[in-house]
Amino acid sequence: MTDQELVREAYLEAKKGYDAGGLPIGSVLVDAKGKIIARGRNQRVQTGDPTAHAEVVCLRNAGRRRDWPELTLVSSLSPCIMCAGTTLLYRIPRVIVGENKNFLGAEDLFAARGVKLAVLQDRDCIALMERFVREKPDLWNEDIGL
C-alpha cells in the first residue's frame, strides 16, 4: 500500500471515532510488507481512559511482538508526546502522519531520535479535525490538556 492509502485507512478509523462521539483520530500499524496488522482510534470519550489515544490503542491491538523495529505507525494526526514516546519505546522507525495543521505533535522528538517521518497534509484528515475542533472545542482542549 502507498503512504496515501495507509493514511486513508487511518482516516477511516478516525471517522469511526468521530461517528461514535469521540475524537476523530485514527491509526494503523503496518508490517515490513505493507500489510496492516493492527488498527486503533481514539477511545478516550468512549472508555473514559485518558491514555486511549489512537496510536496507543493501535499498538495495544497489535499485542506482544518482537518485530517492532520493522513496523510503520500511521496516524491521521500528528502524534502527541505520549504517543511519540510509546513509538520510541518500541523502536518503531517510521511514522506516517495524515496532517499536522490542526495539531503539531512531538515531531521534533521523532527527528531527534532518527525516526523517519512523512507528513502528507491529507485534505480529508485536515477537514475532519477542523470540523471536530469547531463543533467540540471543549472536548478538543480536554484531549490536548488545555
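## The sheet

Two strands count as paired here if DSSP finds at least two bridges between them. On that basis, this predicted model has five strands forming an open sheet with mixed pairing, and the order across it is E2-E1-E3-E4-E5. Strand E2 (36-41) and strand E5 (116-119) sit at the edges with a single partner strand each, so one side of each has no neighbour in the sheet. Going from one strand to the next, the twist averages 15°.

Let's zoom in on one pairing. Strand E1 (residues 26-30) and strand E3 (residues 72-75) run antiparallel and are joined by four bridges. If you want a spot to start looking, take Ser27, whose bridge partner in E3 is Ser75. As for what packs on the sheet, H3 lies across E1, E2 and E3, and runs at about 140° to E2.

## The largest pocket

How much space lies in the largest pocket? The value comes out at about 160 Å³. Its lining has 16 residues, and those nearest the pocket centre are Ile25, His53, Cys80, Phe103 and Asp143.

Three helices each supply at least two residues of that lining: helix H3 (54-62), helix H4 (81-89) and helix H7 (137-143). So H3 turns up twice in this story, lying across E1, E2 and E3 and also contributing to the pocket lining. By class, the pocket lining splits into ten nonpolar, four polar and two charged residues.

## The cavity

There is one cavity of 30 Å³ or more in the structure, and the space in the largest cavity is about 30 Å³. Lining the cavity are Tyr11, Ala14, Pro24, Ser76, Leu77, Cys125, Leu128 and Met129.

Which helix gives the most to this lining? That would be H6, with three residues. Helix H1 (3-19) and H6 each supply at least two. The chemistry of the cavity lining is seven nonpolar residues, one polar and no charged.

## Around Gln121

Gln121 belongs to the loop between E5 and helix H6 (123-135). Is Gln121 buried, exposed or partly exposed? Its relative accessibility is 29%, and because the partly exposed class falls between the 20% and 50% cut-offs, Gln121 counts as partly exposed.

Leaving out residues up to four places away in sequence, Gln121 touches Val97, Gly98, Glu99, Asn100, Lys101 and Ile126. One of these contacts, Val97, is 24 residues from Gln121 along the chain, and their C-alpha atoms are separated by 7.8 Å.

Technical notes
Residues numbered from 1 in each chain as written. Predicted model: local features only at pLDDT ≥ 70, side-chain atom pairs only at ≥ 80, totals over all residues. Heavy atoms only, no water. 1 Å grid on protein atoms, 1.4 Å probe; cavity = no way out; pocket = protein on both sides within 12 Å on 5 of 7 lines; lining within 4 Å. Points joined across faces, edges and corners; volume = space filled by probe spheres on them. Nonpolar A, V, L, I, M, F, W, Y, C, P; charged D, E, K, R; others polar. Axes fitted to C-alpha atoms, helices over the stretch in contact; angles between N-to-C directions. Contact = heavy atoms within 4.5 Å. Buried < 20%, exposed > 50% of the residue type's maximum accessible area, 1.4 Å probe, protein only.
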